[in-house]
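Colleague: I am new to this structure and would like to learn it from one part rather than from an overview. Please take a close look at the strands, and walk me through how they are paired and joined.

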Amino acid sequence: QVQLVESGGGLVQAGGSLRLSCTASGRTIGSYAMGWFRQAPGKERDFVAHISWSGGRTYYADSVQGRFTISRDNAKNTVSLQMNSLKPEDTAVYYCAADKNSVFKYDYWGQGTQVTVSS
């Protein structure tokens, strides 16, 4: 089992930046692809970003491409999401997820961290 804990959320003004972190415990996630998702009030959970187990490949939703950067530190068992040029529509609960088989199906999820962007 893998436990994932997100941190780094908060309140920021539009145009600002936040860095989210996801720390894994229970086992190493070095062989897992990882993803970030978000869910705004009243909406479904949406894909944000994905990173391969090695960090060599990354994928982004169109809505965040060029503003967000996903990265990982396998030695520290962490994954991060740097969010720049934040917009009010980025307001959501952000979730970290682990993909055991690198097939864009996520087996483990964190509890989420709230990001609120004020206009």
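Modeller: A strand is here a DSSP run of E with at least two residues, and strands are numbered from the N terminus. Please keep in mind throughout that this is a predicted model.

Let me begin with the open sheet, in which four strands follow one another in the order E1-E3-E8-E7 with antiparallel pairing. Strand E1, residues 3–7, and strand E7, residues 68–73, stand at the edges with a single partner strand each, so one side of each has no neighbour in the sheet. From one strand to the next, the twist averages 15°. Within this sheet, strand E3, which covers residues 18–25, runs antiparallel to strand E8, residues 78–83, and six bridges join the two. One place to find this pairing in the model is Leu20, which has Leu81 of E8 opposite it.

Next comes strand E11, residues 113–118, whose two faces can be told apart: Thr113, Val115 and Val117 make up the covered face, whereas Gln114, Thr116 and Ser118 make up the uncovered one. Strand E2, residues 10–13, runs parallel to E11 and is joined to it by four bridges, and here Leu11 has Thr116 as its bridge partner. Strand E9, residues 92–99, is joined to E11 by three bridges, but this pair runs antiparallel, with Val93 standing opposite Gln114. Both kinds of direction are familiar, because strands of a sheet pair through backbone hydrogen bonds, either parallel or antiparallel.

What, then, does the disulfide join? A search of the whole structure finds one disulfide, and it joins Cys22 to Cys96, with the sulfur atoms 2.0 Å apart. Cys22 lies in strand E3 and Cys96 in strand E9, so the pair ties together parts that are 74 residues apart in sequence. The torsion about the S-S bond of these two cysteines is about -75°, and the disulfide is therefore left-handed.

Are the two cysteines buried or exposed? A residue counts as buried when its relative accessible area is under 20%. Cys22 has a relative accessibility of 0%, so Cys22 is buried, and Cys96 is buried as well, because its relative accessible area is 0%.

To put the part together, strand E3 is joined by bridges to E8, strand E9 is joined by bridges to E11, and the disulfide links Cys22 in E3 with Cys96 in E9.

Definitions and conventions
Residues numbered from 1 in each chain as written. Predicted model: local features only at pLDDT ≥ 70, side-chain atom pairs only at ≥ 80, totals over all residues. Heavy atoms only, no water. Pairing = 2+ DSSP bridges. Axes fitted to C-alpha atoms, helices over the stretch in contact; angles between N-to-C directions. Buried < 20%, exposed > 50% of the residue type's maximum accessible area, 1.4 Å probe, protein only. Disulfide = S-S within 2.5 Å.
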